[in-house]
Amino acid sequence: MRVILCGFGAVGQGLARLFESRADDLHARFGLKPRIVGVADSGGAVHDASGLRAGSLVAAKARGGSVASCGGRAGMAGSELVADADADVLVETTSSNYADAEPGMSHITAAMARGMHVISANKGPLALAFPSLMELAAHNGVSLRFSGTVGGGTPILDYAKNSLRGERIVSFRGILNGTTNYILSAMAGGMSPEGALADARSRGYVEADESLDLDGIDAAAKLVILANWVMGMKVTLPDVERTGIRGVGADDVRRAAGAGSAIKLIAECDGGLSVGPSDVRTDDPLCVNGTLNGISFVSEHSGTQTVIGRGAGGTETASSIVRDLLDIRRDMASR
Ligand code: HSE
């Protein structure tokens, strides 16, 4: 399977390394032989139909700041690579942009127009245009997969869509942003809001644009993806009523603790869509701490079930991309 990577940060590098470290296993167990034929990052791109090695790509990026220094072209845009290179799948891992979803949106639409399947770990295009991207994929006869956008390597979307198939999910609520959960957990442990934010920053948890975490934008994007994929809603980011955690103070955290609860940033789909701080009882399985994500699905017949796991990380998200590749190969075989 020929793969183009747009974006070569922690997820792209994690995926390239995973393809190599698990090459024998992926082939023996699943018959999967991924070959990276092109990589683009913000500094340029490299293309080689015979395959690119993870070690060379990572070294080039570390040395020259871009994969272009691995025999590619500085300044070459991802959309040029997608237009030039022949591949079966585009893996889109550029940063989520919630203003216009670029450059990911252009990469995805150009790949679909060329008949490539798409795996996006980038939430921006899905949060802003999920319904039309699904239509575009159907129109072009390709698959669009995005397991890594919600829950990192924890198969939250897959659980709701496939493990609960045949059920009717009535509602769900979850902790979908690890950074704010870390901050709120630290505050519950006695840290000031400023101290907790500084601690999260020092650990590298906080997004470069901290508003994405603190104002609930990242959680809202994940909620939109879940609502479309799991609940069949046709919604985008502006449909979410959103409040972040900036207004949560030490007094609020103490009051919640006194009542046997903790304040969590909860993304909820229960008729409408909302993200905001909410009390969760400490004996509720959803009340996870640190950077963990958790989500409780309420189903008509099988009751409430909670999925918990790490919601971010390069290797974790790369593993969800492998799941998507296996699903795409199954789709291709059944067509
Ligand atoms: N900023 C996100 C989080 C990263 O803290 O959960 C994963 O999407």
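A polar contact here is a pair of N or O atoms within 3.5 Å. With that in hand, let's look around this predicted model.

**Figure 1. The ligand and its polar contacts.** N177 offers a polar side-chain atom that lies 3.4 Å from an oxygen atom of the ligand, so the pair falls within the 3.5 Å limit. The side chain of K123 also takes part, with an N or O atom 3.0 Å from a ligand oxygen. G178 joins in through its backbone instead: a polar atom there is 2.8 Å from an oxygen atom of the ligand. On its own, the ligand has 260 Å² of accessible area, and the protein covers 86% of that.

**Figure 2. The shell around the ligand.** Which residues surround the ligand? They are K123, N177, G178, T179, E207, D213, D218, K222, G311 and A312. Sorted by class, this shell comprises five charged residues, four polar ones and one nonpolar residue. Two helices to pick out in this view are α8 (178–188) and α11 (217–231), each of which supplies at least two residues of the shell. If you are setting the scene from the pocket side, the place to go is the largest pocket, where the ligand sits.

**Figure 3. A salt bridge between R145 and D327.** Side chains of opposite charge can pair when their charged atoms come close. Here the side chains of R145 and D327 do so in a salt bridge, with 3.4 Å from N to O. R145 belongs to strand β7 (residues 144–145) and D327 to helix α13 (residues 314–334), so this pair ties together parts that are 182 residues apart in sequence. The structure as a whole holds 23 salt bridges.

**Figure 4. Backbone details in the loop between β5 and α5.** Where does P103 lie? You will find P103 in the loop between β5 (89–92) and α5 (104–113). The peptide bond that joins E102 and P103 is cis, with omega of about 5°. A101 is found in the loop between β5 and α5 as well. Although A101 is not a glycine, its phi is positive, at about 65°.

Terms used:
Residues are numbered from 1 along each chain as its sequence is written. This is a predicted model: local features need pLDDT of at least 70, side-chain atom pairs count only at pLDDT 80 or more; totals for chains, interfaces and linings use all residues. Side-chain values use heavy atoms; hydrogens and water are left out. A residue is near a molecule or strand if one of its heavy atoms lies within 4 Å of it. A polar contact is a pair of N or O atoms within 3.5 Å; within protein, one must be able to donate a hydrogen and the other to accept it, and residues adjacent in sequence count only if both atoms are side-chain atoms. Accessible areas come from the Shrake-Rupley method with a 1.4 Å probe; for residues, only the protein chains shown count as cover. On a 1 Å grid over the protein atoms alone, a cavity is a set of points where a 1.4 Å probe fits but cannot get out, and a pocket is an open set with protein on both sides within 12 Å along at least five of seven lines; lining residues have an atom within 4 Å of a point. A molecule sits in a cavity or pocket if more than half of its atoms lie within 2 Å of its grid points. Helices (H or I, at least four residues) and strands (E, at least two) are DSSP runs, numbered from the N terminus. Ala, Val, Leu, Ile, Met, Phe, Trp, Tyr, Cys and Pro count as nonpolar, Asp, Glu, Lys and Arg as charged, and the others, Gly among them, as polar. A salt bridge is a side-chain nitrogen of Lys or Arg within 4 Å of a carboxyl oxygen of Asp or Glu.
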